[in-house]
Amino acid sequence: MTQPPILPRHMTKLGRSETFTFSCHKNVKCFTECCRMLELALTPYDVLRLRRATGLTSRQLLDEYIIIEQDPGEPFPRFYLTMVDDGRASCVFVSEQGCTVYPHRPSACRAYPLGRAVVRCENGTKEEHFVLLKEAHCQGFAEPAAHNAVQYSAEQELVTYNRFNDAITTIVQHDSIRKGRKPSPEDIDLYILALYNIDTFREKVVADRLDTIKRNESEKNCLIQDDEKLLLFGIDWLHQQLFDRS
Ligand code: SF4
Ligand code: SF4
């Protein structure tokens with residue numbers, strides 16, 4: 001029988017309907033403390049939303065705001081938001097008044113203090129697991145508002161983020177990856193292109209420069225004008241490129 005993972009001391013397992021008390025607002029003493037000294041991992045949908053918040057292109061975000069790290073033991077790289085060198089390693093988007101990209105803040109910022117993992121089972125179903133991260137500096141747990149994991153996710157508008165983040169598990173948790181396949185450097189380039197560099201990916205769709213079934217003009221227009229549809233198309237295209245070719 002597989003043993004459940006041992007969680008760090010500040011994390012506890014949380015059932016879907018188990019309640020916890022928490023609230024974060026401008027009047028907590030620790031306001032914006034958690035926006036400093038952190039490793040903020042970004043998903044492709046986070047980048048799409050930050051692009052919308054900042055007006056920058058995905059290429060500019062990759063060049064100026066995102067650090068790509070490839071751990072030799074991991075199949076795919078990880079993407080982190082850059083922190084400012086201000087002696088406090090502050091997030092590039094934090095101000096004294098709070099988050100300057102709040103309506104488009106990344107999934108990890110919305111989810112805190114919840115952690116969520118999705119595991120794809122062999123029969124194609126998904127299992128969703130939650131943990132509660134209770135860090136000593138966070139005063140939000142002293143607030144009276146009670147939630148459970150499902151309510152809190154809805155309040156933080158995580159449902160849309162989770163939809164895209166879960167779609168990517170079809171790539172990162174693909175059977176061949178779980179069995180130890182290591183993507184080639186070319187595969188990693190395609191991964192970055194389709195998932196994290198949507199503007200360059202769009203240009204390639206427009207110019208029919210992707211090695212894929214050609215799309216008619218109306219299908220192309222629909223993809224070109226809709227970032228969300230383009231990202232979902234990119235996930236399918238990447239799946240095809242990495243796993244469906246002999
Ligand atoms: S540390 Fe907790 S309460 Fe304080 S700002 Fe961050 S999330 Fe909110
Ligand atoms: S994106 Fe916003 S909420 Fe997230 S760490 Fe940066 S300032 Fe804080």
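These questions and answers go through the ligand shells, aromatic pairs, pockets, cavities and backbone features of one predicted model.

Colleague: What should be known about numbering and thresholds?
Modeller: Residues are numbered from 1 along each chain as its sequence is written, and chains are lettered from A and ligands numbered from 1 in the order in which they are written. In this predicted model local features need pLDDT of at least 70, side-chain atom pairs count only at pLDDT 80 or more, totals for chains, interfaces and linings use all residues, and side-chain values use heavy atoms, with hydrogens and water left out.

Colleague: How many residues of each class surround ligand 2?
Modeller: A residue is near a molecule if one of its heavy atoms lies within 4 Å of it. Around ligand 2 these are C35, L40, C91, F93, V94, C99, P106 and C109. Ala, Val, Leu, Ile, Met, Phe, Trp, Tyr, Cys and Pro count as nonpolar, Asp, Glu, Lys and Arg as charged, and the others, Gly among them, as polar. The shell therefore has no polar residues, no charged residues and eight nonpolar ones.

Colleague: And which classes make up the shell around ligand 1?
Modeller: The residues surrounding ligand 1 are F22, C24, V28, C30, F31, T32, C34, Y112, H137, C138 and G140. By class there are no charged residues, three polar and eight nonpolar.

Colleague: How many aromatic pairs does the whole structure have?
Modeller: A pair of aromatic rings is described by the distance of the centres and the angle of the planes. Rings of Phe, Tyr and Trp (its six-membered ring) pair if their centres lie within 6.5 Å; planes under 30 degrees apart count as stacked, over 60 as edge-to-face and the rest as tilted. A search of the whole structure gives 12 aromatic pairs.

Colleague: What kind of pair do F20 and Y152 form?
Modeller: The ring centres of F20 and Y152 are 5.6 Å apart and the planes stand at 70°, so this pair is edge-to-face. It links distant parts of the chain, 132 residues apart, with F20 in strand β2 (residues 19–21) and Y152 in helix α4 (residues 149–155); helices (H or I, at least four residues) and strands (E, at least two) are DSSP runs, numbered from the N terminus. Buried means under 20% relative accessible area, exposed over 50%, and partly exposed in between (1.4 Å probe, protein chains only). F20 and Y152 are both buried.

Colleague: Is the pair of F79 and Y196 stacked or edge-to-face?
Modeller: F79 is in strand β4 (residues 78–81) and Y196 in helix α8 (residues 185–196), 117 residues apart. Both F79 and Y196 are buried. Their ring centres are 3.5 Å apart and their planes at 10°, so the pair is stacked.

Colleague: Which residue lies over the face of Y102?
Modeller: A charge sits over a ring if NZ of Lys or CZ of Arg is within 6 Å of the ring centre and within 35 degrees of the ring normal. R163 lies over the face of F164, at 5.2 Å from the ring centre. Over the face of Y102, at 3.8 Å from the ring centre, lies R105.

Colleague: What volume does the second largest cavity have?
Modeller: On a 1 Å grid over the protein atoms alone, a cavity is a set of points where a 1.4 Å probe fits but cannot get out, and lining residues have an atom within 4 Å of a point. Grid points are joined across faces, edges and corners, and a volume is the space filled by probe spheres set on the points. The structure has two cavities of 30 Å³ or more. The second largest cavity has a volume of about 40 Å³.

Colleague: Which element gives the largest share of the lining of that second largest cavity?
Modeller: The lining consists of P44, V47, L48, L195, Y196, N197, I198 and L231. At least two residues each come from α1 (44–54) and α8. The largest share, three residues, is from α1.

Colleague: Is T32 buried or exposed?
Modeller: Most residues other than glycine have a negative phi, and most peptide bonds are trans. T32, in the loop between β2 and α1, has a positive phi of about 70° although it is not a glycine. With a relative accessible area of 9%, T32 is buried.

Colleague: Is the peptide bond from Y112 to P113 cis or trans?
Modeller: P113 lies in the loop between α3 (107–111) and β9 (114–120). The bond from Y112 to P113 has omega near 10° and is cis.

Conventions
1 Å grid on protein atoms, 1.4 Å probe; cavity = no way out; pocket = protein on both sides within 12 Å on 5 of 7 lines; lining within 4 Å.
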